[in-house]
Every structure is written in C-alpha cells, then in structure tokens.
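Reader: I would like a close look at a single part of this model, explained slowly enough that I can follow each point on the screen. Please set that part in the context of the rest of the chain afterwards.

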Amino acid sequence: LSSAVVYWFHSVYGTDVACLSAAMMGCQVLAGLSALLTPPLVQRIGAIRTMVFTHLPSNVLTLLIPLMPGPGPALKVQVARHLLSQMDVPARQTCIALLVAEDERSAAGGITSLVRSI
C-alpha cells in the first residue's frame, strides 16, 4: 500500500520521491512504536474495542487524505493514520489467543495474518 500512496502523492502533488520515501519510513517507525501502546489500551478497554477504536479511525483518515488541500496536510493525515493503523494487530492476536484452543493458536494466528496481508 505504501508504494501506491507514494505514487499518488507524486502524481497528484508532484512531491519528491526521496522526500516521500523518508516520510513513509517515518510513518512505519511510528506505526511500530504505536503498537507498544496497544497492551495498556487492551487492558483498559478490551481487545475488541481496541481493534474497533483504532482500525475504524485509521480507515476514515485514509479516506480523508485525497480531500486535503495540499501535500503538507495530506502527509499529516497520513502520519496520523499510520499511528493508528497497526494498533489493531496486537489486539487481534490477543483476541485469538483468548478464543482459540492452545494447540490451534499457531495455525489460527497464521491464517489471520495471511488473510490480512492479501
């Protein structure tokens, strides 16, 4: 998805690809760091609510990116989207671990990861 976003920013705003590459790398680092905030959030509001309250706003932010008036605001929305986009992964893994029998957890985790990556 990141390569499509970079192409879109470049074709719509004429943004430099090198600048976009650095921005996307920063977004991925932020997404990884935001995943560290997920366990306390899961403990506070639960796994299902964490998945919903992080994934839904992330999708809304994705829809808002093309509506931004310029590359600066669009990139800020992209960064905000990345802050939320991966927070549902640890919550989903927690949910699977709680719902699936111990001997089936590896297979269930692998299937959900595979399906999500398609």
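Does D103 count as buried or exposed, and at what relative accessibility?

Author: This is a predicted model, in which local features need a pLDDT of at least 70 and side-chain atom pairs count only at pLDDT 80 or more, while totals for chains, interfaces and linings use all residues. Residues are numbered from 1 along each chain as its sequence is written, and side-chain values use heavy atoms, with hydrogens and water left out.

D103 counts as exposed, because its relative accessibility is 68%; here exposed means over 50% relative accessible area, buried means under 20%, and partly exposed lies in between, with a 1.4 Å probe and protein chains only. D103 is found in the loop between α6 and α7, where helices (H or I, at least four residues) and strands (E, at least two) are DSSP runs numbered from the N terminus. Measuring from C-alpha to C-alpha in the model, D103 and L84 are 31 Å apart in space, although they are 19 residues apart in sequence. F53 gives a useful second view of L84: these two are 31 residues apart in sequence, yet their C-alpha atoms are 8.9 Å apart.

F53 itself belongs to helix α4, and at 51% relative accessibility F53 counts as exposed. F53 also takes part in a nonpolar surface patch of about 670 Å², together with I48, V52, L56, V60, L64 and L67. Patches are made of residues with over 30% relative accessible area and no salt bridge, with like charges joined within 9 Å and nonpolar side chains (Val, Leu, Ile, Met, Phe, Trp, Tyr) within 5 Å; a salt bridge is a side-chain nitrogen of Lys or Arg within 4 Å of a carboxyl oxygen of Asp or Glu. One member of this patch, L67, sits in the loop between α4 (47–64) and α5 (71–85), and L67 is exposed, with a relative accessible area of 64%. T50, by contrast, is in helix α4 and counts as buried, at 0% relative accessibility. Leaving aside residues up to four places away in sequence, T50 touches T38, L41, V42, I45, M87 and A91, a contact being heavy atoms within 4.5 Å.

Turning to α5, this helix has 15 residues and reaches 20 Å from its first C-alpha to its last, close to the 21 Å expected at 1.5 Å a residue; the expected span is 1.5 Å times one less than the number of residues. A74, V77, Q78, R81, H82 and S85 are buried in α5. Seen down the axis of α5, these buried residues fall within an arc of 145 degrees, so they line one face of the helix, the arc being that of the directions from the helix axis to the C-beta atoms. The helices against which the buried residues of α5 pack are α1 (2–13), α2 (17–34), α4, α6 (88–99) and α7 (105–117).

Two of these partners can be described in the same way. In α1 the buried residues are V5, V6 and F9; down the axis of α1 they fall within an arc of 100 degrees, so they line one face of the helix. The exposed residues S3 and Y7 are carried on the face of α1 turned away from that buried side, while the buried residues pack against α2 and α5. After α1 comes G14, whose phi is positive, near 70 degrees.

The buried residues of α2 are L20, A23, M24, C27, A31 and S34, and they cover an arc of only 100 degrees around the axis, which puts them on the same side of α2. They pack against α1, α3 (38–45) and α5, whereas the face of α2 turned away from the buried side carries the exposed residues A18 and M25.

As for the whole chain, there are 7 helices and 0 strands, and the C-alpha trace spans about 50 × 25 × 20 Å along its principal axes. Of the 118 residues, 29% count as buried. The chain exposes about 7400 Å², of which carbon and sulfur atoms supply 70%; accessible areas come from the Shrake-Rupley method with a 1.4 Å probe, and for residues only the protein chains shown count as cover. Among contacts between residues at least 6 apart in sequence, 64% join residues at least 24 apart.
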